[in-house]
Structures are given as structure tokens and as C-alpha cells.
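Okay, thanks for coming, everyone. I've got one structure to walk you through today, so let's put it up on the screen.

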Amino acid sequence: MNHFEYILFNLIVISGPVAFSFDAQVRFVRYWPAALCSALVLLAPFGIWDSLVTGRHWWFNPRYTSGTFIGPLPAGEWFFFITVPFASLFIWEVLRFYRPAQHTARHADTPLWVWLGLPLAGVIWLLGKEYTGLVILALTVTALVDLTAGGRVLHRANALLYAAILVALMLLFNGYLTARPVVLYDAAYQLNLRIFTIPLEDFFYGFSLILGCTTVYEKIRSARG
């Protein structure tokens, strides 16, 4: 049974959002197609990234991963790219319903950290910390896309509360994956700074994935009217 633990983990992540999708007020079920489409769009680049560095930056504990692999990744990892964005977009939609005044994109300057991200990623990469450099690069590029051609998620007041909720959930769920551990890391490619058992880089990775999905989701949702 342990071999399927990562798959069960994904089912737990998605169970709440699916169950409450039929709430009479939020009715997230209406946006399932947009949410799934957004997750699939981001699955491609993140799945390729994950596949290329598995066995180097990190690897999966065979004790807790299914014997069914798609390429170098266990099935649970592929499901992760669907369940985590789906659950995050459910939270985003709940915030839209209960805090509508905070959900309108406002015009604002591009944050300084976005401009600093590209050179910082390059310097860290040259120092041999490839995972750290990659996640900073990914978050920077995702933020630039969001602010210039995306849903301008970062310019919404709800974005701060969204990020805070996501951090809390990362501490819970990613904390489980790294404490068990389902995922193991090679410290040579990262700063080796952890929040509890979670590498600092995992937060940047998670925010890149979720911001990208939320940006695509907003574009799809606005196009549908």
C-alpha cells in the first residue's frame, strides 16, 4: 500500500476542493474546465523540467511512489501538477466571491524583485546552485508574463492573502512530502536552507507553478466572459 502513498496524497489534496465545488454560492464546478485546462498548460513545462532534473536535483523514494512511471516520474508526481493547481484555483475563486472588491486588477509598477530576478538567477546558477537559480528564474519569468500579458494576478489585493494561504498549505502538504520523505534532494544544487523539512527553493517552485496556472486561468475566464 505504501507504494501508492503519493497517489493517495493527491486524492486528499483535491478532495476538499472537489467536494465544495458544488457550493450554491461559489459553484466552482462551473470553472472546472478552465481550471483543468490551466493545469494542463503548466503541466507541459513543469513536467519537462521535473523529468530533466529527477535523479540529479531530487529523486523519489521508491517506498512511497507507485510502480507505474510515465517517463522518469512516478504517477503521483504527474497527478501533483493537476491536483495542486486545481486546489489553488478553488481558493482563488473563493477569494473572488468573498472579497470581490479586492479582486480587480489595478495598475501599478512592476515590483523591484521581478527586475532583480533574472540577474540574481544567473549569478546563483554560476555558483553551482542550479535548483535555486532555476526556481528564481521560473518565478521571475512567470511574474513578467502575468504582469505584461497575463491576468495581472500580482496587481490584485487578494494576491497577498492568496499567497499567505498557499504558504500555510505548502507548510502542511509539502512538509509531509519532505518529512516522510516522499521526495529527497541533493543539497549540492540548492542553498540547503529549510523551513522545517522543506527546502526554501520548493516555495519558489510552488509559487511559479501556481502563479502560472492562476494567470492562465484568469485569461481563460475573462475570455469566456
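Let me start with a term: when I say salt bridge, I'm talking about a side-chain nitrogen of Lys or Arg within 4 Å of a carboxyl oxygen of Asp or Glu. Before we use it, some housekeeping. This is a predicted model, where local features need pLDDT of at least 70 and side-chain atom pairs count only at pLDDT 80 or more, while totals for chains, interfaces and linings use all residues. Residues are numbered from 1 along each chain as its sequence is written, and side-chain values use heavy atoms, with hydrogens and water left out.

So, how many salt bridges does that rule give? The count is six. One of them pairs Glu93 with Arg96, with 2.8 Å between the closest N and O atoms. Those two sit three residues apart in helix α3, so about one helical turn separates them. By the way, helices and strands here are DSSP runs, H or I of at least four residues for helices and E of at least two for strands, numbered from the N terminus.

Are Glu93 and Arg96 buried or exposed? I'm calling a residue buried under 20% relative accessible area, exposed over 50%, and partly exposed in between, using a 1.4 Å probe and protein chains only. Glu93 comes out buried at 4%, and Arg96 is buried too, at 15%.

Next pair: Arg156 and Glu218 form a salt bridge, with the closest N and O atoms 3.2 Å apart. This one links distant parts of the chain, since Arg156 is in the loop between α5 and α6 and Glu218 is in helix α7, 62 residues apart. Arg156 is buried at 11% relative accessible area, and Glu218 is buried at 6%. Now put these together: salt bridges with shared partners join Glu93, Arg96, Arg156, Glu218 and Arg221 into one network.

Another salt bridge to look at is Glu5 with Arg180, at 2.6 Å from N to O. Glu5 is in helix α1, residues 5-19, and Arg180 is in the loop between α6 and β4, so this pair ties together parts that are 175 residues apart in sequence. On the Glu5 side we have a buried residue, at 11%, whereas Arg180 is partly exposed at 36%.

While we're at Arg180, check the backbone: the peptide bond from Arg180 to Pro181 is cis, with omega near -10 degrees. Pro181 lies in the loop between α6 (158-179) and β4 (183-185). Two other backbone oddities: Arg152 has a positive phi of about 50 degrees although it isn't a glycine, and Asn192 has one of about 60 degrees, also without being a glycine. Arg152 is in the loop between α5 and α6, and Asn192 is in the loop between β4 and β5 (194-195).

On to the inside. As a general point, nonpolar side chains tend to be buried together in soluble globular proteins. By nonpolar core I mean a set of buried Ala, Val, Leu, Ile, Met, Phe, Trp, Tyr and Cys residues joined through side-chain atoms within 4.5 Å. The largest one here has 58 residues, and Phe28, Trp49 and Trp58 touch the most other members. Helix α3, residues 75-98, supplies the largest share of this core, with twelve residues. If we count contacts as heavy atoms within 4.5 Å and skip residues up to four places away in sequence, Phe28 touches several residues, including Phe86, Phe90 and Tyr217. Glu93, from our network, is also on that list.

Now, anyone wondering about disulfides? A disulfide would be a pair of cysteine sulfur atoms within 2.5 Å, and the count by this rule is zero. Why is Cys37 not bonded? Because its closest cysteine sulfur, in Cys213, is 10 Å away, too far for a bond. Cys37 is partly exposed at 35%, while Cys213 is buried at 1%.

Last stop, helix α7, residues 200-224, which is where Phe204 sits. Phe204 is partly exposed, at 30% relative accessible area. Leaving aside its neighbours within four places in sequence, Phe204 is in contact with Val135 and Leu139. From Phe204 to Thr140 is 9.7 Å, C-alpha to C-alpha, with their positions 64 residues apart in sequence.

That's my tour, so over to you for questions.
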